[in-house]
Amino acid sequence: MSKITAAITGVSGYVPEYVLTNKELETMVETNDEWITSRTGIKERRILKGEGQGTSHIAVPAVKELLKKTNTKPEEVDLLICATTTPDMVFPATANLITAEVGAVNAFGYDLQAACSGFLYALVTGSKFVESGQYKKVIVVGADKMSSIIDYTDRATCIIFGDGGGAVMLEPNTEGLGIQDSILKSDGTGAQFLHMKAGGSRKPATVETVQAREHYAFQEGQQVFKFAVKGMADVSAEIMERNHLTGEDVAWLVPHQANKRIIEATANRMGLDNEKVMLNIHKFGNTTSGTIPLCLWEYENQLKKGDNLILAAFGGGFTWGAIYLKWAYDPK
């Protein structure tokens, strides 16, 4: 019997219509387009507008499109994992809201929170259910409404983040395609540099925490940048080394879109040319769990069956990791 691997058989994405440009941010905080672009590579980001709109309203359109593209009936889905840092509510899980909305009545679902590394963690987790032979169709979602936890008077964070997300279908493969290897890491001592101060069980919401603006993302940019450059580059190089890959063997680096300089440092460490690096940070900014599936969605037509891809991310917590996978289908 051939070994079962978990292969991505379809990908979809969704970004809200509203475009928040660097020029508009100039009217909100003390910054300018040149400063933002030179330091981050970001020109604009998407924002989900409208009362009562949450992360599920980003994920549902992506999942519906994924079902259509893969010719999958909603009731055929076995499991849906939603990687998100901005769930619609503390409970129920956003994954449950998504399955109900798309009609995946036979699927169980749950959320996974690992900040910007969430999609990688969820993809590896979902792959194990497929590899075990227990499930045939697993959907992995990465989506965030970061605008819901961003202080638009704080120029350290408001220039970076946007809203958006995507979804992939994982199915069994016996051709040796799909996920080949993964390295996932975490270090809680980094929590002090990137976190949200209030809103959890340690510091529940009060009038005082709201007045102190403690329900927004807090980041010490220089510390995070230093750790992210080393973390993403190290795991990307390590996964290549242990799978005997060179820069020539890798068709694409699919990096988390947090900062263009971090992406460039990772590619350089891997020995990759710029044309092998997926990049859409200039359009969408950092959508946290959504960046990697959005890259796969945008570049899908350039991917060929058998292509070697390295997915890499770094996030708050700290969390980081890399996945080596072989793409399972040709452009349609």
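The legends below accompany close-up views of a predicted model.

**Figure 1. The two assigned domains and the contact between them.** The domain assignment divides the protein into domain 1, residues 5-176, and domain 2, residues 180-327. Their C-alpha centres are separated by 14 Å. Contact between the two involves 50 residues on the side of domain 1 and 47 residues on the side of domain 2. About 3,700 Å² of area is buried between the domains, and carbon and sulfur atoms contribute 62% of this area. Within domain 1, the residues that lose the most area to domain 2 are Cys116, Leu120 and Tyr121, which together account for 17% of what that side buries.

**Figure 2. Polar and charged pairing between domain 1 and domain 2.** Between the two domains there are 21 residue pairs in polar contact, counted where both residues have pLDDT 80 or more. The elements of domain 1 that each supply at least two residues to the side touching domain 2 are the strands β1 (5-14), β3 (44-47), β6 (138-145) and β7 (163-173), together with the helices α2 (33-40), α5 (118-131) and α6 (155-158). By residue class, this side of domain 1 consists of 23 nonpolar, 16 polar and 11 charged residues. Three salt bridges are counted between the domains.

**Figure 3. The salt bridge between Lys69 and Glu300.** Side chains of opposite charge can pair when their charged atoms come close. In the view shown, Lys69 and Glu300 form a salt bridge, and their closest N and O atoms lie 2.7 Å apart. A search of the whole structure returns 12 salt bridges.

**Figure 4. The salt bridge between Glu175 and Lys305.** The side chains of these two residues meet at an N to O distance of 3.2 Å. Glu175 is located in the loop between β7 and β8 (178-186), whereas Lys305 is located in the loop between α11 (291-299) and β12 (308-315). The pair therefore links distant parts of the chain, with the two positions 130 residues apart in sequence numbering.

**Figure 5. Segments annotated in the UniProt record.** In an unreviewed entry, UniProt lists residues 110-188 as "domain: Beta-ketoacyl-[acyl-carrier-protein] synthase III N-terminal". Over residues 110-188 the chain is 23% helix and 39% strand, with the end C-alpha atoms 23 Å apart. The unreviewed entry also carries the annotation "domain: Beta-ketoacyl-[acyl-carrier-protein] synthase III C-terminal" for residues 240-327. Over residues 240-327, helix makes up 31% of the chain and strand 23%, and the end C-alpha atoms are 16 Å apart.

**Figure 6. Cis peptide bonds at Phe91-Pro92 and Gly317-Phe318.** Phe91 and Pro92 are joined by a cis peptide bond with omega of about 5°. Pro92 belongs to the loop between β4 (79-83) and α4 (94-102). A cis peptide bond also joins Gly317 and Phe318, where omega is about -15°. Phe318 belongs to the loop between β12 and β13 (319-326).

**Figure 7. Backbone conformation at Asn71.** Asn71 is a residue other than glycine with a positive phi, near 55°. Its place in the chain is the loop between α3 (56-69) and β4.

Key: Residues are numbered from 1 along each chain as its sequence is written. This is a predicted model: local features need pLDDT of at least 70, side-chain atom pairs count only at pLDDT 80 or more; totals for chains, interfaces and linings use all residues. Side-chain values use heavy atoms; hydrogens and water are left out. Domain bounds come from an automatic or database domain assignment. Contact means heavy atoms within 4.5 Å. Buried area is the accessible area (1.4 Å probe) that two parts lose on being put together, summed over both. A salt bridge is a side-chain nitrogen of Lys or Arg within 4 Å of a carboxyl oxygen of Asp or Glu. A polar contact is a pair of N or O atoms within 3.5 Å; within protein, one must be able to donate a hydrogen and the other to accept it, and residues adjacent in sequence count only if both atoms are side-chain atoms. Helices (H or I, at least four residues) and strands (E, at least two) are DSSP runs, numbered from the N terminus. Ala, Val, Leu, Ile, Met, Phe, Trp, Tyr, Cys and Pro count as nonpolar, Asp, Glu, Lys and Arg as charged, and the others, Gly among them, as polar. UniProt positions are given in the numbering used here, feature names are shortened, and annotations may be inferred rather than shown by experiment.
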